[in-house]
Every structure is written in structure tokens, then in C-alpha cells.
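Please find below my notes on the two-chain model that you asked me to look over. They are meant to be read with the coordinates open.

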Protein chains: 2
Amino acid sequence: MKINRHFDEIQDSYLFAEVENRVAAYKKKYPEKSVIKLGIGDVTLPLPPAVVDAGVRAVRELGQSDTFRGYGPYRGYSFLTRAIAEYYARRGIALSEDEVFVSDGAKSDIGNILDLFDSDCTVLVPDPVYPVYVDTNLMQGRKIVYADATEANGFLPLPDESRRVDLIYICSPNNPTGAVYDRAGLKAWVDYALDCGAVILFDAAYEFFVGDARLPRSVYEIEGAERCAVEFCSLSKTAGFTGTRCGYTIVPHALGNLNKMWLRRQSTKFNGVSYAVQRMAEAVFGEEGMAQCAQNVAVYKQNAALISDTLTDMHIYHTGGINAPYIWLKCGMDSWEFFDRLLAKANVVGTPGAGFGRNGEGFFRLTAFNDCQSTAEAMRRFRRFFSA
Amino acid sequence: MKINRHFDEIQDSYLFAEVENRVAAYKKKYPEKSVIKLGIGDVTLPLPPAVVDAGVRAVRELGQSDTFRGYGPYRGYSFLTRAIAEYYARRGIALSEDEVFVSDGAKSDIGNILDLFDSDCTVLVPDPVYPVYVDTNLMQGRKIVYADATEANGFLPLPDESRRVDLIYICSPNNPTGAVYDRAGLKAWVDYALDCGAVILFDAAYEFFVGDARLPRSVYEIEGAERCAVEFCSLSKTAGFTGTRCGYTIVPHALGNLNKMWLRRQSTKFNGVSYAVQRMAEAVFGEEGMAQCAQNVAVYKQNAALISDTLTDMHIYHTGGINAPYIWLKCGMDSWEFFDRLLAKANVVGTPGAGFGRNGEGFFRLTAFNDCQSTAEAMRRFRRFFSA
């Protein structure tokens, strides 16, 4: 059996499993303790009513002869690609509908887009980072170089002009650090990519958390990006679609053959997103849906602000928490040791930074996706923990 | 930009677009003619009521705090993997639940499974064939050899023992020929694969059309298959899910590391199928759902039988139409010329065999997915066409 040997190069991902194991062991030993999880990367609020209504209607349509739908267009239904193009247009970004590809989530497309690139590409990935960027490239045998994200650059590394690369991953607002590039920062990356002939794979999964109008929510707010960047976005965090599964990818026509190649890839290895799910996604972009999504995200942002304010008050260095659902704090010790201490003394769970890369050591990720009461209680415990 | 140059090796797929163009041109010229399409590869009957009810319930659950679901298990929800394992158990095939992977359709998994194999594999593909098998391998630069399916072997080629290969595609019931392997035929392939150390990629998308108990519906009905075969199945044709998108892939533990590798691939480049769609799929495997699906498939099978009986009556050589939704007939001339004549003289649309490979020339595919009245009318026109 001639298997792909590059799979040997990827490590088994034990991060969240190990977190779960340690929490389970603690709870078994101390069943009376109330443990609060701020490690969750998943949303907790239910789908907005407008989205549910659209889903129910669509499922019922599929049960009637005159409204039944079979195979849909490979790019996604026009009602949805148009709604997405209009969503960008409202932010001043002109896209044609056929630059929009509906997907079952940003993660799938971020992995699958690599089918379009040569296996001897050199890939630039920030460290710390969402592990998917690294693993998907290792699986295909690509060489990875890292851009160090550190306290010194506020976890927003800029290009090293002396180095030539072919693919560049940028996630802003960032997972795990919550740091957000300003326009100047993104422009540096776009200019560098154009200079290298590199393609930026821009992960905009958290764009809906950006409230500050000075910060870009799309890479296409930067001049020239349409000639060097593919953008991935998701409704997971915008609209609570982590279990409903819908996202989209923008492949501009200005990117040479990539739009045509991606359509070829998707029409050969994918058959589109469920009709009902596309109708639910369409509802997200309607006036009612947008308002309801904003309400849910406001709850998470309030949690994020509370965490960030608490840390600021305690003079703990951190990034994120303002235009992002993640807070990345300096724990000043081995991040797994901090995890154990925080669990034992404060009964609060987070994610050790070491799990996101070499530069994550000494840092710790909290998320804003728990409910307000639990988040507030976790912050009271934090204060006691640090003052002890 | 270092793009994947193997994309240059795949041809643009003009088959169905060309069919559409010719039909549109004909209709423009003769708007009064009623054209019947027997070229459709898509289902036309609505989703079964049990499936619709499950979908509506599931979407509503997502709108309530206490029943909301976020990220699901990478393999699929246990309620569904269990239902699929039980579906196999009823046919005497023992699977463990974690050998079942829920997918958004057989096409995605048939393409994506190639991530697990070395790019220098030699791939055996029957000719004629579903074009996805060839294109997905060409995209990754693999060498393809063909197994000739011809009138001489009833479009069911057997292994050529003198040739060593690494991957083998089998689709039974077959698209486009409707031919179905018997147990002896499949056993020859399994024995050959075990001998070569090859992996069979078995496409069982049409298994629900097999009514003859002597014909295998799963490759795992053959001894030893669990050591050499991955099986792909889909609810597209079983339950009308072409637009709802759900399928499943069986990767037996007996297949070395492949089960673990596929889980790693899916957890890295996929995030599962929509919760509501998984609940709809679960309903397919319930008693009520199965009966309703069987009712719909009986309609298509009646169409298939009518087409096959008509051709038999006219002494036209064909395969399929009994345990398959496709009928593959010998048209005895250039298949595009036959297409044009059939459209002009009988106003019936089918698919030219040449579109499925070199051995498809001289043959023509009809499908059973139109309604009963139109199919019956098409057969009346067929009789007149051939007697003219």
C-alpha cells in the first residue's frame, strides 16, 4: 500500500484532548467544584430566529414536488453569492458574484485550496498559529517557515523582506492571540506578497468581531490585495454556524487562473452546500438576520471586554479581547503549569499557549464564548487567584 | 505564483454543458416541440416526509439554548454512525461505529481520500467511467491505466493479473453503464487487490437500486475486502439527497493505518456535516424513512425497467436498467451523431457515451430519473424512431 508518507510528519493533535483529560481528572477528584470553561472555541448562543425560520421553510420546500431542489450550482446558489457580494459592497468592496464560492466552512476551504499550489512552495506561517495551517501543508510535504509573533511585535509580525516565500497565512483578528492588524500592517503584507509573487491566504473568520472602523475586516480593503489574496470567511462565529456549517471563499479574477482552478477543483471534488443551509446563510445577511447576529456577538464581545478589562486592571499583559473573541495573556510561566494551577486554585479552564506553537509558551488563551454570568464569576476568581 | 501544473492535464468538462447547449439551440429553433430529458443524473422526487420532519425538528433545536449544537464529532454524530452500522448489520456486514465516517457526499470523499496516498501510485480506472475518478488523480499527477469495459465483457472488466497497480476504482452498480458485478466478479477484484497490495476505492452510490439478492450491494460482502477496500456511499440516489448533501465512507480498521489517517485528514481539513442534515440522514435509516425511500426508488426502477424492456423488445444491446438507474445502449454510430438525431427526430435527450471515455463511443446513456409519464412517452418515441 503506497500511502502518503508525509502523514508521519504531522503530530497527533493532543491539545484539546489533553485539556479535556486534565479537566475530567480534576472533576473526578473534586466533584463538588464548579469548573468554568473559558477554553471553549465554540459558540454557545442558539441560532438567530431569522435563520431558524429560513431553515424550516427550506427543509419543507424539499418535501414538495414543485419546490424540491437537487444538485445546486458548484459555486453556491446565486441568492447566497449575491447576498455575500452585497455584504462586501456595503463595506465598499466590489466583488463580482462569481468571485464568491460558498463552502461548508472556512476550515475545509483553507485546507482544500492547497490543491491549487505546487508542492514545492515555501509557506510562511505565523507562530503561534491555528494548527490547521501547518498540518495541511505538512500533509502535502511543503516547507514551512515561521514568522515570529511575540510580545515585542504585539503578536503582529511584519514581513521579513530578505526572505522569499510562495504562500502566506494571515489570520486577523487572530486565533489564538486576538490581535488585529491595522491597515498599515496588512498593507506591508500585501506589498510584500506582490513583490514575491506570493499568495496570501487570509483567514477572516472573526471579522464580525471588529468594531473599530480603523481596522480592516477584509484583506480587500488594502489596495492590490485582489491581485495577491484569497479570503476565507465563515458564519461559525458570525452567526453561530459551528454546527450548521457554512462559509465562503473569495477568489478574485485578478488572481490569474486561480478562480478558474478553484471552480475546477470544487466541481470535481465537492458538490456544494446543502440547500437548506444556504437558505439559512442567506438569512444571516438579511436586515433582520444581521441585527440578530450582532446581538449575539455583542454578548460575546461584552465577555471579551470584561476579561480584557480585568487583566488590564491587574496589569497583566495581553492581546485581543477588543475586536476579537480571544484573549491571549502572558502567564509568565510554563503554560501547562499555569493551566494546572488555574484549574486547581480558581477552577477556571483555558488553553495553554504552548499548544499553538513555540512562541505560545508562557502565554495562555481565554475565550469569550461562555455565558455572561460564568465569565463574570471566572473573572472574580482570576482576581483572587492573582492576588493570592 | 507556484501553481499546481497538473491542472493543465485535466480537460475542461464540457459534456453536460455541450448537451445543454445543443438542447437549448434546438428548443430555440423549435419552441413548439416537447423535449423529454432522459439525460438527467439528478433525482426529481421530493424528500420523504420522515426526512423532512426530522430536518424541521433539528433546525428548531438549533434555535433553542437547551438544544443548540455547535461543533460535532469529526466522524459524524454517533446517532448517525450507529444507524449506518446497523444498516450494514441488517445485511450481514459487521462494522464498528468508528469505521463509519459521515461526509457531505460520496464525491467529496472519493476525491479527498487521495490525500492519503502517495502521488506515484499507479491507478486503475475502468473505461467508460464517472470522470471524477480520472480528474482527481490527474490533479495530483498520478499515472492512470484503464480497464477496458466493452460489449465483450458486458462492461464488467476483470483484473489483468499481469499488471500491478496501487489503487483500483470500482463502481457497481456502474455509472454510466448500469452494469452490476456479481460476487464472483467482485471476488476476482478483491483477490487481485490483496495480491497487489492495492486499495480498492469502491463506489456504492447506487447500491439501493440492487434488488437481486444474488448481487452484492457492498464490497464487504466479499471475504477479505475489509483488508483492501474503502467503500463510499451516498444518500443522493437512495433518499433524494442530491441537494441535501450527505454520504458516508467506510474505512475498516483492518486496512492498516488508513482509518487513523482518514480521521486525521478529516479532522484537519473538514469540520463535519450540518447537524440538521445528519438528523435528516438518521431518519433515512429509520423504519419509516427506509420504506418511504424504497417507494421513491421503486418509481425510478419502474422507469428503468420500462426503458430496458423497450430496448430488449427492439433487440437493442444494452446493460443496466434492472438493478441500476442507468441504461447504457449500443447506438451503433458516433454517439454525438446519435444524440443529434434522437433530439431532432424523437425530441428525447440522453448522454453521448463518448463523454465517459474512449470505450463509450458508439454507446449512449439514458437515466430513470424523469417521471413515469415522460419516460413512457419517451419510449413510445423511441419505438417510432427506430422503426422509421
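The points below go from the basis of the model to the pair of chains, the domains, the sheet and a single residue.

1. Basis. This is a predicted model, in which local features need pLDDT of at least 70 and side-chain atom pairs count only at pLDDT 80 or more, while totals for chains, interfaces and linings use all residues. Residues are numbered from 1 along each chain as its sequence is written, and chains are lettered from A and ligands numbered from 1 in the order in which they are written.

2. Symmetry. A turn of 180° with a shift of 0.0 Å along the axis lays chain A on chain B with an RMSD of 0.0 Å, and the two copies are thus related as by a two-fold rotation axis. The superposition is by least squares on the C-alpha atoms of residues with pLDDT of at least 70 in both copies. Among the residues of chain A, A:Val56 comes closest to the rotation axis, its C-alpha being at 2.6 Å.

3. Interface between the chains. Chain A and chain B each bring 62 residues to the contact, where two residues are in contact if their C-beta atoms, placed from the backbone, lie within 7 Å. The elements of chain A that give two or more residues to this side are H2 (49–62), H4 (106–112), H5 (131–139), H8 (258–269) and H9 (275–284); helices (H or I, at least four residues) and strands (E, at least two) are DSSP runs, numbered from the N terminus. H2(A) gives the most, with 7 residues. The side of chain A that touches chain B has 25 nonpolar, 22 polar and 15 charged residues, with Ala, Val, Leu, Ile, Met, Phe, Trp, Tyr, Cys and Pro counted as nonpolar, Asp, Glu, Lys and Arg as charged, and the others, Gly among them, as polar. Because 100% of the interface residues of chain A are also interface residues in chain B, the copies meet through the same surface.

4. Domains. Chain A is divided into domain 1 (13–42 + 289–387) and domain 2 (49–286), with bounds from an automatic or database domain assignment. Their C-alpha centres lie 26 Å apart, and 27 residues of domain 1 of chain A are in contact with 36 residues of domain 2 of chain A. On the side of domain 1 that touches domain 2, the largest share, 7 residues, comes from H10(A).

5. Sheet. Which order do the strands of the open sheet of chain A follow? The 7 strands are arranged as S2-S8-S7-S6-S5-S3-S4, with mixed pairing, two strands being paired if DSSP finds at least two bridges between them. S2 (100–103) and S4 (143–148) of chain A stand at the edges with a single partner strand each, so one side of each is left without a neighbour in the sheet. S3(A) and S5(A) (167–171) run parallel and are joined by 2 bridges, and A:Leu124 has A:Ile168 in S5(A) as its bridge partner.

6. A:Val125. Is A:Val125, which is found in strand S3 (122–127) of chain A, buried or exposed? A:Val125 is buried, with 23 other C-beta atoms within 10 Å; a residue is buried if 20 or more other C-beta atoms lie within 10 Å of its own, exposed if 12 or fewer, and partly exposed in between, C-beta atoms being placed from the backbone. Leaving aside neighbours within four places in sequence, A:Val125 is in contact with A:Tyr133, A:Val134, A:Ile144, A:Tyr146 and A:Tyr169.

7. H9(A). This helix is mostly covered, as 10 of its 10 residues are buried, including A:Arg279 and A:Glu282.
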